[in-house]
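Please look through the sequence and the model below before reading on, and keep both at hand. The paragraphs that follow lead from one residue out to the overall fold and then to the ligand.

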Amino acid sequence: MKKIALIILPTHNEAGNIEKLIEEIFKEQEKIEKFLLKILVNDSSSTDKTAEIVKRLIKKYPENLYLIETKKEGLGKAYYQAFLYAKEKIKPYVVFEMDADLSHSPKKIPEMLLEIEKGADMVIGARYIKGGSIPKDWGLHRKVFSFFGNLIIRLGFMNLKIHDWTSGFRAIKFWILNNSLNHIKNYSGYVFQIALLDFAIKEKANIKEIPINFIDRKYGKSKIFFSQYIFNIFLYILKFSSFIKFFIVGIIGFFIDFGLSYLFIEKIHQTVWLATLISTEIAILSNFLLNNFWSFSHKKIQGGFIKYLFNFLKFNFVSAGSVFIQTLGLQILVNVFGKNLWYLYKILIITFIIIPYSYILYNKLIWRNK
Ligand SMILES: Nc1nc2c(ncn2[C@@H]2O[C@H](COP(=O)(O)OP(=O)(O)OP(=O)(O)O)[C@@H](O)[C@H]2O)c(=O)[nH]1
Ligand SMILES: [Mg+2]
């Protein structure tokens with residue numbers, strides 16, 4: 001028996017697009033052997049004839065076309081409702097997310113299913129890889145938002161392997177969706193796409209990107225509200241990105257170190273070496289604890305006091321390593337280029353060597369993936 005590939009189409013006033021899209025999707029069935037295509041439309045509060053058109057088409061495709069009608073509560077909510085319905089009534093093997101405004105070409109569906117057959121758990125139709133594209137006539141602000149939005153996410157999650165986090169054209173094995181329901185139900189807007197992908201990565205899903213050419217909608221209005229979208233992306237990254245938290249912890253550590261040194265040297269009149277030793281070690285300890293309970297809280301150290309002590313020692317070694325790298329690197333640069341721009345060299349070394357070095361070693365040695 002063929003496995004079910006369910007294409008979910010969220011719609012709000014897509015009367016100009018929906019019929020053509022549904023017909024084009026079903027036409028792709030001819031090219032697909034292993035899967036049976038079904039379509040579920042979740043129409044939210046359309047004031048045009050979207051739902052009526054779908055109801056008429058259901059008479060033509062009574063076995064394979066479904067409609068649910070809901071209140072308009074954002075894209076994430078619309079997908080969430082559709083996932084629940086699919087789980088209950090359709091039991092698909094793989095689910096597609098797809099815009100209903102003809103921006104995503106149904107011709108890509110067979111190719112994406114082929115990748116699923118070859119072993120991918122999730123296939124992303126990506127605009128920002130070789131062969132993919134965004135519309136040439138997009139306004140500059142939209143290009144900039146879309147491109148930098150993606151870049152911020154990629155850096156925020158320190159995951160450069162995935163190029164298109166915000167694409168709304170994806171094929172996803174249902175087991176991932178089923179596991180993700182509790183996580184994604186909190187994200188109603190467009191940020192839901194990021195939440196779902198982040199979840200899939202943490203579930204160790206095998207993710208594959210294939211290029212798509214995103215086509216601008218011809219009929220109907222765009223529903224996206226950019227400033228709110230970007231704001232939500234920032235909130236999400238702040239909440240879930242270990243890297244951003246690790247970065248903030250580093251800055252806090254710097255201030256603790258500096259503040260305590262100042263206190264011990266200027267106010268308590270300690271000797272400089274003792275003041276430095278104490279303040280540095282306290283900053284290292286606070287960094288260790290903040291990273292453990294905040295930045296890497298999803299992989300907290302387990303196993304009691306001895307484990308903590310052992311990992312704290314490792315943490316000290318990594319920290320000593322960064323002092324060594326910084327001292328040596330700065331000395332080399334100063335020897336070669338002169339002393340004038342030492343602060344610039346220091347910033348460069350911290351940004352391009354110390355930060356990646358510490359982040360990678362913390363992940364490899366101390367807070368390892370479970
Ligand atoms: N059910 C439902 N669908 C929605 C909602 N918001 C957007 N959509 C649909 O989600 C898909 C993507 O929305 P679009 O407005 O095309 O957003 P976009 O693709 O990011 O922007 P443009 O292509 O520029 O219009 C379309 O099929 C919309 O009809 C919603 O609140 N509920
Ligand atoms: Mg669109």
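Ile153 lies in helix H5, which spans residues 140-156, and it makes a convenient place to begin in this model, which is a predicted one. Is Ile153 buried or exposed? Because 23 C-beta neighbours lie inside 10 Å, Ile153 counts as buried, the cut-off for that label being 20 or more. If its neighbours within four places in sequence are left aside, Ile153 is in contact with Trp165, Ile194, Ile233 and Ile237. Glu19, on the other hand, is 134 residues apart from Ile153 in sequence and 35 Å apart from it in space, taken from C-alpha to C-alpha.

From this single residue we can step back to the whole protein. The protein holds 12 helices and seven strands, and its C-alpha atoms fill a box of roughly 85 × 50 × 35 Å, taken along the principal axes. Of the 370 residues in the protein, 34% are buried. If one takes the contacts with a separation of 6 or more, 78% of them are between residues that are 24 or more positions apart.

The next topic is the sheet. Seven strands form an open sheet with mixed pairing, and their order across it is S3-S2-S1-S4-S6-S5-S7. Which strands stand at the edges? They are strand S3 (65-70) and strand S7 (207-211), and because each has a single partner strand, one side of each is left without a neighbour in the sheet. On average, neighbouring strands of this sheet are turned by 20° against each other, with direction ignored.

One part of this sheet can be followed strand by strand. Strand S1, made of residues 3-11, pairs in the parallel sense with strand S2, made of residues 35-44, over nine bridges. Two of the residues concerned are Leu6, whose bridge partner in S2 is Lys38, and Lys3, whose bridge partner in S2 is Phe35. To get from S1 to S2, the chain crosses through helix H1 (residues 18-27), and this β-α-β crossover is right-handed. Strand S2 is mostly covered, since nine of its 10 residues are buried.

On its other pairing, S2 meets S3 in the parallel sense over six bridges, and here Asn42 has Ile68 in S3 as its bridge partner. The chain crosses from S2 to S3 through H2, in a β-α-β crossover that is again right-handed. Helix H2, residues 50-60, lies across S1, S2 and S3, and it runs at about 155° to S3. Another helix, H6 (residues 174-184), lies across strand S4 (94-97), strand S5 (122-126) and strand S6 (170-173), running at about 80° to S6.

Two residues outside the helices and strands deserve a careful look at their backbone. Asn13 is found in the loop between S1 and H1, and it has a positive phi of about 55° although it is not a glycine. His269 also has a positive phi of about 55° without being a glycine, and its place is in the loop between helix H9 (242-267) and helix H10 (272-295). Which of the labels, buried or exposed, belongs to Asn13? Asn13 is buried, because 22 other C-beta atoms lie within 10 Å, whereas His269 has 8 C-beta neighbours inside 10 Å and therefore counts as exposed.

A residue with a label in between is Lys202, whose place is in helix H7 (residues 192-202). With 13 other C-beta atoms within 10 Å, Lys202 is partly exposed, because this label covers the counts between the limit for exposed, 12 or fewer, and the limit for buried, 20 or more. Lys202 and Arg217 are 15 residues apart in sequence, and from C-alpha to C-alpha they are 33 Å apart in space.

The last stop is the ligand. How many residues surround ligand 1? There are 19, and the closest are Pro10, Ser44, Ala78, Ala100 and Ser222. The elements that give two or more residues to this shell are S1, S2 and helix H3 (75-90), and S1 and S2 are the two strands already described as pairing in the parallel sense. Sorted by class, the shell around ligand 1 has five nonpolar, eight polar and six charged residues.

Technical notes: Residues numbered from 1 in each chain as written. Chains lettered and ligands numbered in written order. Predicted model: local features only at pLDDT ≥ 70, side-chain atom pairs only at ≥ 80, totals over all residues. Pairing = 2+ DSSP bridges. Helix = DSSP H or I, 4+ residues; strand = E, 2+ residues; numbered from the N terminus. Axes fitted to C-alpha atoms, helices over the stretch in contact; angles between N-to-C directions. Contact = placed C-beta atoms within 7 Å. Right-handed = clockwise from strand over helix to strand, strands pointing away. Near = placed C-beta within 6 Å. Nonpolar A, V, L, I, M, F, W, Y, C, P; charged D, E, K, R; others polar.
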